[in-house]
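Here are a few short exercises to work through with the model open in your viewer. Try each task before you read its solution.

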Amino acid sequence: MKKHTIWKCLALSACVLAGSVLPAAALEEADFDFKTTRHLYNLCSVSQDHGDYATASYACNGFIAGAVQYHDGISDGKNLKRLICYPASTTLADGKAAFVAWAETKVNDADLMGELPVQGLVRALAEAYPCGK
């Protein structure tokens with residue numbers, strides 16, 4: 001093999017490797033508007049090496065914490081049944097992981113990813129932490 005061919009192969013391999021560790025979608029300003037489930041997913045799934053990771057992570061965590069706290073506050077089991085029944089030991093990180101895992105399986109579903117983010121979040125958490133029948 002010629003020397004320049006080896007360098008081409010190495011360069012191509014480096015590009016392929018670099019491409020495999022880059023995030024699938026770039027974070028956009030609109031994601032912080034929380035208009036769709038996809039926006040929430042984009043924020044919650046940002047890799048730790050992304051320049052906006054801290055901001056995106058805090059935004060994601062705040063949204064999830066607020067939505068779950070509201071759910072807990074209004075569902076008393078009598079007048080409004082619980083939609084999410086998570087164990088007392090469940091953490092915010094557990095909820096975030098459940099949402100991201102759910103969204104990864106729905107990423108190509110334009111209808112679900114186009115819903116309000118609270119709807120997608122509750123769908124994900126209700127699936128991960130279902131209430132007894």
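**Exercise 1. Find which residues of helix 2 are buried, and what they pack against.**

Solution. Start by picking out the covered positions: T37, H39, L40, Y41, N42, L43 and C44 are the buried residues of helix 2. Bear in mind that this is a predicted model. Next, set that list against the length of the helix: seven of the eight residues are buried, so helix 2 is mostly covered, given that buried means under 20% relative accessible area. Finally, look at the neighbours: these buried residues pack against helix 3, helix 4, helix 5 and helix 6.

**Exercise 2. Describe the secondary structure of the protein chain.**

Solution. Count the elements to begin with: there are six helices and zero strands. Written in sequence order, the pattern is α-α-α-α-α-α. Then turn to the contacts between residues at least 6 apart in sequence: 64% of them join residues at least 24 apart. As for burial, 29% of the 133 residues count as buried.

**Exercise 3. Work out which residues have the most contacts inside the largest nonpolar core, and which helix gives the most to this core.**

Solution. The largest nonpolar core holds 24 residues, and C44, F99, L121 and L125 have the most contacts inside it. Helix 2 (37–44), helix 3, helix 4, helix 5 (110–114) and helix 6 (117–128) each supply at least two of its residues. Helix 3 gives the most, with six residues. Now zoom in on F99: leaving aside residues up to four places away in sequence, F99 touches T37, L40, Y41, C44, G120, L121 and A124. Among these partners, T37, L40, Y41 and C44 are buried residues of helix 2.

**Exercise 4. Locate the nonpolar surface patch that includes I74, and decide whether I74 is buried, partly exposed or exposed.**

Solution. First the members: Y70, I74 and L80 form the patch, and together they have about 300 Å² of accessible area. I74 lies in helix 3. Its relative accessibility is 36%, and because partly exposed covers the range between 20% and 50%, I74 counts as partly exposed. For the wider setting, the protein chain exposes about 8800 Å², of which carbon and sulfur atoms supply 59%.

**Exercise 5. Place K81 in the chain, and say whether K81 is buried or exposed.**

Solution. K81 is found in the loop between helix 3 (53–74) and helix 4 (92–106). Its relative accessible area is 63%, so K81 is exposed, the cut-off being over 50%. As a last step, check the spacing to C131: this residue is 50 residues apart from K81 along the chain, and their C-alpha atoms are separated by 9.3 Å.

Key. Residues numbered from 1 in each chain as written. Predicted model: local features only at pLDDT ≥ 70, side-chain atom pairs only at ≥ 80, totals over all residues. Heavy atoms only, no water. Helix = DSSP H or I, 4+ residues; strand = E, 2+ residues; numbered from the N terminus. Buried < 20%, exposed > 50% of the residue type's maximum accessible area, 1.4 Å probe, protein only. Core = buried A, V, L, I, M, F, W, Y, C linked by side-chain atoms within 4.5 Å. Contact = heavy atoms within 4.5 Å. Patch = residues over 30% accessible without salt bridge, like charges linked within 9 Å, V, L, I, M, F, W, Y side chains within 5 Å. Areas by Shrake-Rupley, 256 points an atom, 1.4 Å probe, with all protein chains shown as cover. Salt bridge = Lys/Arg side-chain N within 4 Å of Asp/Glu carboxyl O.
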